[in-house]
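Grab a pencil and work through these short exercises with the model open in your viewer. Try each one before reading its solution.

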Amino acid sequence: MSLQGLSLRYQSAKSDRMRDAAIPLPAGVTQCRNISYGSYGDSSLLDVYCPDGTDAPLPTIVSIHGGGYVYGTKEVYRRYGMDMARRGFAFVNFNYRLAPKWKFPTPLADTNAVLQWVEKNAQRYHLDPDRIILVGDSAGAQLASQYAAIHTNPKYASLFALNLPNVRIRAVGLNCGMYDLAAQASGERKGIQLDYLGKALPANDPRLQVLDAITENYPPAYLVTSCHDFLRANAEPMYRFLEEKGVPCAWKCYGSESDETVGHVFHVNILLPDAVTCNDDAAAFFRKYV
């Protein structure tokens, strides 16, 4: 693993532990924990969160965690996921195989396997495969944006060895992400780019041309950033790009220049007032399409 990847793993794990130690688990939510969706041990586990008393299918958020492709687990998103479930959604929170051991496009295959699991187990867990909302942040936002392109563009999907499930992605939530994978693959690869993409993958591999694969059939998208998000510069251009494609979309930058607590993936810290507002806004956007 690159030094950048090792540093990200260490620093992110430390900050995530400190944040989550201060946040109680949200009340009023039923958890089904550590369900296997694949054959890769802990890397193939998921949770499902629903409001207490749920007895009918709910619009279903499927969340792809961030972490630069080299770090992260569903545990980091447990509180955020339960908090979103309190807003009237089922929430599927999953682990996937990480770089550098598992390289592109492994996380996309794992996301597909999760959605296959959702299709097969919808009735048991009050999920609605016809009302899927795909969300992700940071690297997870890139993966969510790419999987949505795969699922809505048959020509692009044919480049991947995936058996797509019979689900309908009604909307996507793209939080603090990077979206031009082709640009990341060009030039000298180092650090996390090398960890995830490796050396051998050609920069002109058509699977990397995510933006070229986005059509007017792409799901409605809500894009989030903040004043102190280090990936802030990606949000508005992606919004403008989707708007030009005719995709219903919205974007918002939260926080203020004077408040550095509202930074990258701030929405996961559900105690922050700006996170509450952001997650309310995202939920309202999703409800328009489910």
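**Exercise 1: the end of the sheet**

Find which residue stands opposite L223, and work outward from there.

Solution. Start with the pair itself: L223 sits across from W251 in strand 8. Next, look at the strands: strand 7 (residues 221-226) and strand 8 run parallel, joined by 6 bridges. Pairing here requires at least two bridges found by DSSP, and strands are DSSP E runs of at least two residues, while helices are H or I runs of at least four, numbered from the N terminus.

A word on the model: it is predicted, so local features need pLDDT of at least 70 and side-chain atom pairs 80 or more, while totals for chains, interfaces and linings use all residues. Numbering starts from 1 along each chain as its sequence is written, and side-chain values use heavy atoms, leaving out hydrogens and water.

**Exercise 2: the whole sheet**

Work out the strand order and say why strand 1 and strand 8 have one side without a neighbour.

Solution. First, the order is 1-2-4-3-5-6-7-8, an open sheet of 8 strands with mixed pairing. Then check the edges: strand 1 (29-36) and strand 8 (249-254) each have a single partner strand, so one side of each lacks a neighbour in the sheet.

**Exercise 3: around S138**

Is S138 buried or exposed?

Solution. Locate S138 in the loop between strand 5 and helix 4 (139-152). Its relative accessible area is 12%, so S138 is buried (under 20%; exposed is over 50%, partly exposed in between; 1.4 Å probe, protein chains only). Finally, list contacts (heavy atoms within 4.5 Å): leaving out residues up to four places away in sequence, S138 touches several residues, including N175, C176 and H264.
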